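This report considers how helices and aromatic rings are arranged in one protein chain. The sequence and the structure are shown first, and the description follows.

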Amino acid sequence: MEKAEIVDLTYKENAEEFFNSLRHLPDALWFDSGHPVCSSGQFDIITANPSVTLETNGKITTKKTLTCTKDYTNEPFDLCEKLLSTIQSKDQQYINYPFTGGLAGYFGYDLGRSPTHKLPKLDTLPDMRIGLYEWALTIDHFSKKAWLFFNAKCPKELKNKIINCINKVPQNTDSNEKKLYKLSCSTKKSHYLDTVKKAKNYILAGDCYQINYAQHFSASAKKDSWKIYKDLRIRMAAPYGCYYQLGKTKQAILSFSPERFLKIKDDQVTTQPIKGTVSRGKNSQEDAIKAKALIDSEKNKAENLMIVDLLRNDLSKNCKLGSVKTPELFKLESFKNVHHLVSTVTGIIKDTATPLTLLRDCFPGGSITGAPKKRVMEIIDELELCKRSVYCGSIGYISANGLMDTNIAIRTILSDGNKIHCWGGGGIVADSDAEDEYQEILDKVGLLIKL
């Protein structure tokens, strides 16, 4: 069996310099731990130049290689499974490396839709874009080590190109010009308040328990997306962030997600839903009061518990009988702009299941739909005015060695040529106050919409 090649690098606390030297390559992708601003994430993973890409638009998924392009109508997750099989390895030698080559990219929320109404799509990004990558630059902030991992299938020419890029000092092409602008909401506040009333009527009628209702924001693009990302990560770095430059286009995804969707390591599945949010205080005393109020909030804990129950059910489809547990409920996690309540649900994946069957059967994440999922997604299609695109989907990787880590694509900006888009949402329950819910959205995305 061919062996991988591993090249040790000098550890850097901030991966930005590494990515800057590689971001000119096609489909450059940085899974950003948020270091040094955010200290909870363990790995930064950078990769680029996939040998194959899968891109889904509606019912068609296009497979592109260096030599050909072909369209398929197969289910996108099945096509991903088949592509991953070309690089999968049962060699346990590299089991502790987070990414040894494999699939990376995003699964947009609309992959999981069963629309009752045909909503307009306001951006031009595909519903899914996944690449087959054969190398990765990884920084482990816990062990303070960094390395290049070249899968056995990685061509020698690509290895040399990557090493040359890293050794070459990149030029700083950032403009000193400051172009500040604010994204505007696609609907008026009065429309939001009226829609919350409609959502509560569905809940009171017994259709569902909770509805995650989202607002769309947009603006004309005036800054390079990479510059926007660097500026924002100083203010709102998160452990499951990502900068993904699609192909050689002017499209990019800028994610500052605080929420893990699904992780698999050593056959253990972990999901960590967020439900319950409050803005940070203006001083330490006010901040402590707000945090305690969130921890003591029966409403927020009830919202969180609804989603925990939903995810326990979703995980059980691909986890061993009796293995699904909830080791942590309502833990307070604090970020620069908000406090969150986070729970943890775990399970042991079945021998007959795979990371992609788990992802498919849990998709989209329950924390951004509500419960019960199927009915709530139908209601979301009625209440919202446009498709969610990448927002509320999932960004992440499935490694050749069986490991997987994905986020929930919230706190996420889409750069789409001359436009940028983002969304903000929150869970509506029977006793929700519409004014409070509206303010919660602004607390979550306030830094994103003032660029």
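Two helices count as roughly antiparallel if the angle between their N-to-C directions is over 145 degrees. The model described here is predicted.

**Two helices in contact**

Helix α4 covers residues 189-204, and helix α9 covers residues 373-383. The two helices pack at an angle of about 155 degrees, and their axes are 11 Å apart. Since the limit is 145 degrees, α4 and α9 are therefore roughly antiparallel to each other. The crossing in which α4 passes α9 is right-handed. On the side of α4, the contact is made by Thr-195, Lys-198, Ala-199 and Tyr-202. On the side of α9, Arg-375, Ile-379, Glu-382 and Leu-383 take part.

**The loop before α9**

Which residue lies in the loop between β20 and α9? Pro-372 has this position, and β20 itself spans 370-371. With a relative accessibility of 36%, Pro-372 counts as partly exposed. When its neighbours within four places in sequence are left aside, Pro-372 is in contact with Asp-207, Cys-208 and Tyr-209. The C-alpha atoms of Pro-372 and Leu-310 are separated by 7.3 Å, although these residues are 62 residues apart along the chain.

**Aromatic rings**

The structure holds 21 aromatic pairs. Two of them are set out below.

| Aromatic pair | Arrangement | Centre to centre | Angle between planes |
|---|---|---|---|
| Tyr-94 and Tyr-97 | edge-to-face | 6.2 Å | 65 degrees |
| Tyr-192 and Tyr-213 | stacked | 5.3 Å | 20 degrees |

The pair of Tyr-192 and Tyr-213 links distant parts of the chain. Tyr-192 belongs to helix α4, whereas Tyr-213 belongs to strand β12 (residues 210-220), and the two tyrosines are 21 residues apart. Both Tyr-192 and Tyr-213 are buried.

Is each member of the pair Tyr-94 and Tyr-97 buried or partly exposed? Tyr-94 has a relative accessibility of 12%, and because buried means under 20%, Tyr-94 counts as buried. Tyr-97 has a relative accessible area of 22% and is partly exposed.

One aromatic cluster is formed by Phe-19, Trp-30, Trp-226, Tyr-229, Tyr-243 and Phe-256.

**Charges over rings**

Charged side chains also meet aromatic rings in this model. The charged end of Lys-12 sits over the ring of Phe-18, 5.4 Å from the ring centre. Likewise, the charged end of Arg-388 is placed over the ring of Tyr-109, at 4.7 Å from its centre.

Technical notes. Residues are numbered from 1 along each chain as its sequence is written. This is a predicted model: local features need pLDDT of at least 70, side-chain atom pairs count only at pLDDT 80 or more; totals for chains, interfaces and linings use all residues. Side-chain values use heavy atoms; hydrogens and water are left out. Rings of Phe, Tyr and Trp (its six-membered ring) pair if their centres lie within 6.5 Å; planes under 30 degrees apart count as stacked, over 60 as edge-to-face and the rest as tilted. Buried means under 20% relative accessible area, exposed over 50%, partly exposed in between (1.4 Å probe, protein chains only). Helices (H or I, at least four residues) and strands (E, at least two) are DSSP runs, numbered from the N terminus. A charge sits over a ring if NZ of Lys or CZ of Arg is within 6 Å of the ring centre and within 35 degrees of the ring normal. Axes are lines fitted to C-alpha atoms, for helices over the stretch in contact, and angles run from 0 to 180 degrees between N-to-C directions. Angles under 35 degrees count as roughly parallel, over 145 as roughly antiparallel, 65 to 115 as roughly perpendicular and the rest as oblique. A crossing is left-handed if the near helix is turned anticlockwise from the far one by less than a right angle, and right-handed if clockwise. Contact means heavy atoms within 4.5 Å.
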